[in-house]
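Open the model in your viewer and keep the selection panel at hand. This tour goes stop by stop.

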Amino acid sequence: MNTEEKQFNEDFQLETPLAPKQTRLQEFWLLFRQNRLAILGLFIFIIFFCCAFAGLFMTSGPDPLFDPAMIRLQEKLRPPLAKPNLDSLRHEEIPYLGFYLMGTDDLGRDVFARMLQGAWVSLTVGFVAVGISVLIGIFMGGIAGYFGQHHIRVDHILMTVVLIFGAVLVTANFIRSGAMLLCLIPAYIFYSIRIQNRLGEKTSHLWAKFLSINSISIDTLIMRLVDIMLCFPSFFLILTVVALLPASIYNIMIVIGLTSWMGTTRFVRAEFLSLREQDFVAAVKTLGAGNFRIIFRHMMPNAIAPVLVSATIGIATAILTEAGLSFLGFGVPPPHATWGNILSDGKNFIFDAPWLTFIPGIAILIVVLSFNLFGEGLRDVLNPKLRERH
């Protein structure tokens, strides 16, 4: 090897990066695993998800392995790990494990089977409710952040009021009156387009000038709606709505989702206001990209990080809210078992059968704490300013 080749190899080695390139996912995991509490929260969440998913199959069907609705009055209030009295039970009433892992309640139902079924209910309520709130929050926050400088005209407000009032009438079985109001909207749209094409913007009609006045900006309208929603105590608002609606697991999920979208809206709006003025957004606009592509292809991926953190912590809040509603008797109706109604059933036997209170209470505590720890870990990793804390 001559001198020139040696010099070339030395220069090449100097230019070669000393550390191998890492993907974004590898860098995320490298930072995330340094937070031991977040790893613990993720581990507990995985166990909870597996138990809930397994409980869906083991507690449902015509012949489940663990029947949460099986009543054994002769076996009521048995402590955890107690063995059943085989002489007083039929073959199908004998627990699958051969003993009561978490004891029985005041009707002799297996608490372990009911906890398995309640895990799936809590998981479903948490994810579906947060999914609804995240979708609404992203939509409202994206509109407020990207189109917030545009104004709403008076006729838009009037048509929205007509639409809401007509929908309320149809829901209240005043179908004819509601349908007549709803028919006014397409009729007005057609008439306004015709008038605009005929007279242009310089119309001499006073009522047309009044209807075309810019009343309020989109950003102001959405954020004042958020402020109004935040003025109401969330739990009592949910409690009031649930008390008026029929008891159903679907109503619980929808109500929790429709009353918890405000935080996501504020996160997305703040990110959009910052990203809207960035150079890459201006460059994409100069290339002729449409608003839909700019929002979902370039801005949304950069604004989704705080939404993920908010959604993770929101799942814990939704699970806790559902447990509170079930504890008060406004949650998921029987025969579905939830951790909240197991806790509610056990409050009358706190001295005779304390496991009916401690088992669901500790389960709710651990699961909610795991989601909060996992969400805090995500926030620290996704926010570069907080990475040095761990």
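**Stop 1: an aromatic pair**

Select Tyr146: at 5% relative accessibility, this residue counts as buried. The model is a predicted one. Now add Phe147, which is partly exposed at 25% relative accessibility. Buried means under 20% relative accessible area, so Tyr146 falls within that class and Phe147 does not. Show both rings. Tyr146 and Phe147 form an edge-to-face aromatic pair, 4.8 Å centre to centre with 80° between the planes. Over the whole structure, a search finds 11 aromatic pairs.

**Stop 2: the whole chain**

Zoom out and switch to cartoon. How many helices and strands does the chain have? The secondary structure comes to 16 helices and two strands. Colour by burial next. Of the 390 residues in the chain, 37% are buried. Turn on contacts between residues at least 6 apart in sequence: 70% of them join residues at least 24 apart. Then show the surface. The accessible surface comes to about 23,700 Å². Carbon and sulfur atoms account for 67% of that area.

**Stop 3: helix H4**

Select residues 111-146, which are helix H4. Pick out Ser133 in this helix. Is Ser133 buried or exposed? Ser133 counts as buried, with 5% relative accessibility. Now list what Ser133 touches, leaving aside neighbours within four places in sequence. The contacts are Gly257, Ser260, Trp261 and Thr264.

**Stop 4: the ring cluster**

Select Phe45, Phe48, Phe49, Phe53 and Phe57, then add Trp120, Phe127, Trp339 and Phe371. Ring pairs link these residues into a cluster. Keep Phe48 highlighted and show its contacts beyond four places in sequence. Two of these contacts, Trp339 and Phe371, are also cluster members. Phe48 also contacts Ala119, Leu123, Ile319 and Val367.

**Stop 5: two nonpolar cores**

Stay with Phe48. Which residues touch the most other members of the largest nonpolar core? They are Phe48, Phe272, Trp339 and Phe371, in a core of 59 residues. A second, separate core has 10 residues. To find that second core, select Ile152, Ile218, Ile222 and Val226, which are among its members. In soluble globular proteins, nonpolar side chains tend to be buried together.

**Stop 6: a nonpolar patch on the surface**

Turn the surface back on. Select Leu37, Leu40, Phe43 and Ile47: these residues make a nonpolar surface patch of about 390 Å². Centre the view on Leu40, which sits in helix H3, residues 36-58. Leu40 counts as partly exposed, at 42% relative accessibility.

**Stop 7: the loop between H3 and H4**

Hide the surface. Select Leu77, in the loop between H3 and H4. Check the backbone: phi of Leu77 is near 55°, a positive value in a residue other than glycine. Leu77 is partly exposed at 24% relative accessibility.

Next, select Leu81, which also lies in the loop between H3 and H4. Leu81 is not a glycine, yet has a positive phi of about 65°. How exposed is Leu81, and what is its relative accessible area? Leu81 counts as exposed because its relative accessible area is 58% and the cut-off for exposed is over 50%.

Key
Residues are numbered from 1 along each chain as its sequence is written. Side-chain values use heavy atoms; hydrogens and water are left out. Helices (H or I, at least four residues) and strands (E, at least two) are DSSP runs, numbered from the N terminus. Buried means under 20% relative accessible area, exposed over 50%, partly exposed in between (1.4 Å probe, protein chains only). Contact means heavy atoms within 4.5 Å. Accessible areas come from the Shrake-Rupley method with a 1.4 Å probe; for residues, only the protein chains shown count as cover. Patches are made of residues with over 30% relative accessible area and no salt bridge: like charges are joined within 9 Å, nonpolar side chains (Val, Leu, Ile, Met, Phe, Trp, Tyr) within 5 Å. A salt bridge is a side-chain nitrogen of Lys or Arg within 4 Å of a carboxyl oxygen of Asp or Glu. A nonpolar core is a set of buried Ala, Val, Leu, Ile, Met, Phe, Trp, Tyr and Cys residues joined through side-chain atoms within 4.5 Å. Rings of Phe, Tyr and Trp (its six-membered ring) pair if their centres lie within 6.5 Å; planes under 30 degrees apart count as stacked, over 60 as edge-to-face and the rest as tilted.
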